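Here is a set of exercises to work through with the model open beside you. Try each task before reading its solution.

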Amino acid sequence: MKQIKYYFLLSFLIFTPLQIGAADFDTDGDGLSDIREQTIYFTDINNPDTDGDGFSDGEEINSHYSPHQANKTLSQTDLDNDGLSDWLELLFNTSLNNPDSDGDGYNDYQEILNSYDPLSAGENKLAQRIVIDAGKQSLTAYLDNKPLVIFPISSGKAGYATPVGEYQINNKNKRAWSKNYGLWMPYWMSFIGNTYGIHELPEWPGGYKEGQDHLGQAVSHGCVRLGVGPAEWLYNWAEVGTEVKVME
Ligand SMILES: [Ca+2]
Ligand SMILES: [Ca+2]
Ligand SMILES: [Ca+2]
Ligand SMILES: [Ca+2]
């Protein structure tokens, strides 16, 4: 019995240093170890420039470009065609070339879009958070503290600044009517009582809709306006209770 234990201890001591050595080895000298090329990036361990565009795989990864397609950023490529960009796959540690990283029948894109953990089968949900940056006039939706999307906004103008603080979405209404201003606010999500909310560019009863050119400028009366498309996306994504942080 003692001999068997000794044998296992010995094999542990022998194999562990070997595995560490292999992990550090970079056969083609492109700055990415063989292990990382094989298990994370799915690039050629014997060719420093997998897509032949003149930039090495290591350079491309470090500058957020795809090592698989010339002139495309990681946000513009989707190696496994699951709908989730290579950039988001790397951010969420899902597989670049397996559409269903945890093998639960739902692909990585569906899981991320619906805030499920793409790395564990089951109903495990990841935390959603919305950060509104009045200085940058932007709204970022975070999942598991990772920036998923960023949209231009129009928040409160001088004298009507959207109050800085930490709130949460407390109510959703697909098409809310503002009595105070006599206009429709599509995809309304309130985060301070029912007074301040996030919504699509407003529409007047006559059919006039505020122009997209107001996005990026603080011109609202305190609400946070989003463009056509992003407002509907955020409305469908965020659940009541989602944290909302407003920064100056
Ligand atoms: Ca390499
Ligand atoms: Ca390349
Ligand atoms: Ca993908
Ligand atoms: Ca899955």
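## Exercise 1: Three calcium sites

The donor residues of the calcium ion (ligand 2) are spaced D-x1-D-x1-D-x1-F-x4-E in sequence. Before going on, note that this is a predicted model, where local features need pLDDT of at least 70, side-chain atom pairs count only at pLDDT 80 or more, and totals for chains, interfaces and linings use all residues. Residues are numbered from 1 along each chain as its sequence is written, chains are lettered from A and ligands numbered from 1 in the order in which they are written, and side-chain values use heavy atoms, with hydrogens and water left out.

**Task.** Find the donors of the calcium ions that are ligands 2, 3 and 4.

**Solution.**
Step 1. Set the rule: donors are N, O and S atoms within 2.8 Å of the metal (3.2 Å for Na, K and Ca), and sites may look incomplete because water is not among the atoms.

Step 2. Take ligand 2. Asp-49 (OD), Asp-51 (OD), Asp-53 (OD), Phe-55 (O) and Glu-60 (OE) coordinate this calcium ion at 2.1 to 2.3 Å.

Step 3. Move to ligand 3. Here the donors are Asp-78 (OD), Asp-80 (OD), Asp-82 (OD), Leu-84 (O) and Glu-89 (OE), at 2.2 to 2.3 Å, and their spacing along the chain is D-x1-D-x1-D-x1-L-x4-E.

Step 4. Finish with ligand 4. Its protein donors, Asp-100 (OD), Asp-102 (OD), Asp-104 (OD), Tyr-106 (O) and Glu-111 (OE), lie 2.1 to 2.4 Å from the ion, with the spacing D-x1-D-x1-D-x1-Y-x4-E.

## Exercise 2: Sorting donors by exposure

**Task.** Which class, buried or partly exposed, fits Asp-100, and which fits Asp-104?

**Solution.**
Step 1. Use the cut-offs: buried means under 20% relative accessible area, exposed over 50%, and partly exposed in between (1.4 Å probe, protein chains only).

Step 2. Asp-100 has a relative accessible area of 18%, so it is buried. Asp-104 reaches 21% and is therefore partly exposed.

Step 3. Try donors of the other sites. Asp-49 is buried at 14%, Asp-51 is buried at 19%, and Leu-84 is buried at 2%.

Step 4. Place Asp-100 in the fold: it sits in the loop between H4 and helix H5 (108-113). Helices (H or I, at least four residues) and strands (E, at least two) are DSSP runs, numbered from the N terminus.

## Exercise 3: Positive phi

**Task.** What is the phi of Asn-71, and what is that of Asn-81?

**Solution.**
Step 1. Recall the background: most residues other than glycine have a negative phi.

Step 2. Asn-71 has a positive phi near 60°, and Asn-81 has one of about 55°.

Step 3. Locate them. Asn-71 belongs to the loop between helix H3 (57-62) and helix H4 (86-91), and Asn-81 is also found between H3 and H4.

Step 4. Check accessibility: Asn-71 is exposed at 69%, and Asn-81 is exposed at 67%.

## Exercise 4: Strand E1 and the core

**Task.** Which strands pair with E1, and why is E1 described as largely enclosed?

**Solution.**
Step 1. Two strands pair if DSSP finds at least two bridges between them.

Step 2. E1 runs antiparallel to strand E2 (residues 138-143), joined by six bridges; Arg-129 has Tyr-142 as its bridge partner in E2. The two strands form a hairpin with four residues between them, and Gln-137 in the turn has a positive phi of about 50°.

Step 3. With strand E9 (residues 243-247), E1 pairs in the parallel sense over five bridges. There, Asp-133 is partnered by Met-247.

Step 4. Five of the six residues of E1 (residues 128-133) are buried, so this strand is largely enclosed by the rest of the structure.

Step 5. Look at the largest nonpolar core, which has 27 residues; Ile-130 and Ile-132 are among those with the most contacts inside it. H6 gives the most to this core, with four residues. Such a core is a set of buried Ala, Val, Leu, Ile, Met, Phe, Trp, Tyr and Cys residues joined through side-chain atoms within 4.5 Å.
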